[in-house]
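Here is a short report on a single protein chain. Look over the model first, then read on.

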Amino acid sequence: MLINDAIALAYDAGFQMVGIEQGWAAPSGQMLQADGVFFRL
């Protein structure tokens, strides 16, 4: 699943992204993993 699909699924379930934290990154600085914080409002 791509990030756009995962976020759309969360939004469709009534959640809203309120934060994102970088996880692993490539030596080039490209973000490879991240944790999203979602709340249902």
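The text below goes from the whole chain to single residues.

## The chain as a whole

This is a predicted model. The protein chain has one helix and two strands. Read from the N terminus, the order is α-β-β. The C-alpha trace spans about 35 × 20 × 10 Å along its principal axes.

How much of the chain counts as buried? Of its 41 residues, 10% do. The accessible surface of the protein chain is about 3,600 Å². Carbon and sulfur atoms hold 58% of that surface. As for contacts, take those between residues at least 6 apart in sequence: 26% of them join residues at least 24 apart.

## Helix H1 and the loop after it

Alanine 8 sits in helix H1. Its relative accessibility is 35%, so alanine 8 counts as partly exposed, because that class covers values between the 20% limit for buried and the 50% limit for exposed. Eleven residues separate alanine 8 from glycine 19 in sequence, and their C-alpha atoms are 15 Å apart.

Helix H1 covers 3-12 and strand E1 covers 15-22. Glycine 14 lies in the loop between them. It is partly exposed as well, at 36% relative accessibility. Which residues does glycine 14 contact, leaving aside its neighbours within four places in sequence? They are Phe39, Arg40 and Leu41. Glycine 14 and phenylalanine 38 are 24 residues apart along the chain, with 9.6 Å between their C-alpha atoms.

## Strand E2

Strand E2 takes in residues 34-40. Alanine 34 belongs to this strand, and so does aspartate 35. Phenylalanine 39 is also placed there.

Alanine 34 is partly exposed, with 34% relative accessibility. Beyond residues up to four places away in sequence, alanine 34 touches Ile20, Glu21 and Gly23. Alanine 13 is a different matter: it is 21 residues from alanine 34 in sequence, and the C-alpha to C-alpha distance is 20 Å.

Aspartate 35 has a relative accessible area of 48%, so it is classed as partly exposed. The class for exposed residues begins over 50%. With neighbours within four places set aside, aspartate 35 is in contact with Gly19, Ile20 and Glu21. Its C-alpha atom is 6.8 Å from that of glycine 23, a residue twelve places away along the chain.

Phenylalanine 39 is partly exposed too, at a relative accessible area of 47%. What kind of surface patch does Phe39 help to make? The patch is nonpolar and has an area of about 420 Å². Val18, Val37 and Leu41 are the other members. Phe39 is also among the contacts of glycine 14.

## C-alpha separations

The table sets sequence separation beside distance in space for four pairs.

| Pair | Apart in sequence | C-alpha distance |
|---|---|---|
| Aspartate 35 and glycine 23 | twelve residues | 6.8 Å |
| Glycine 14 and phenylalanine 38 | 24 residues | 9.6 Å |
| Alanine 8 and glycine 19 | eleven residues | 15 Å |
| Alanine 34 and alanine 13 | 21 residues | 20 Å |

## In brief

The chain runs α-β-β, and 10% of its residues count as buried. In strand E2, aspartate 35 contacts Gly19, Ile20 and Glu21. From the loop between helix H1 and strand E1, glycine 14 contacts Phe39, Arg40 and Leu41.

Notes:
Residues numbered from 1 in each chain as written. Predicted model: local features only at pLDDT ≥ 70, side-chain atom pairs only at ≥ 80, totals over all residues. Heavy atoms only, no water. Helix = DSSP H or I, 4+ residues; strand = E, 2+ residues; numbered from the N terminus. Buried < 20%, exposed > 50% of the residue type's maximum accessible area, 1.4 Å probe, protein only. Contact = heavy atoms within 4.5 Å. Areas by Shrake-Rupley, 256 points an atom, 1.4 Å probe, with all protein chains shown as cover. Patch = residues over 30% accessible without salt bridge, like charges linked within 9 Å, V, L, I, M, F, W, Y side chains within 5 Å. Salt bridge = Lys/Arg side-chain N within 4 Å of Asp/Glu carboxyl O.
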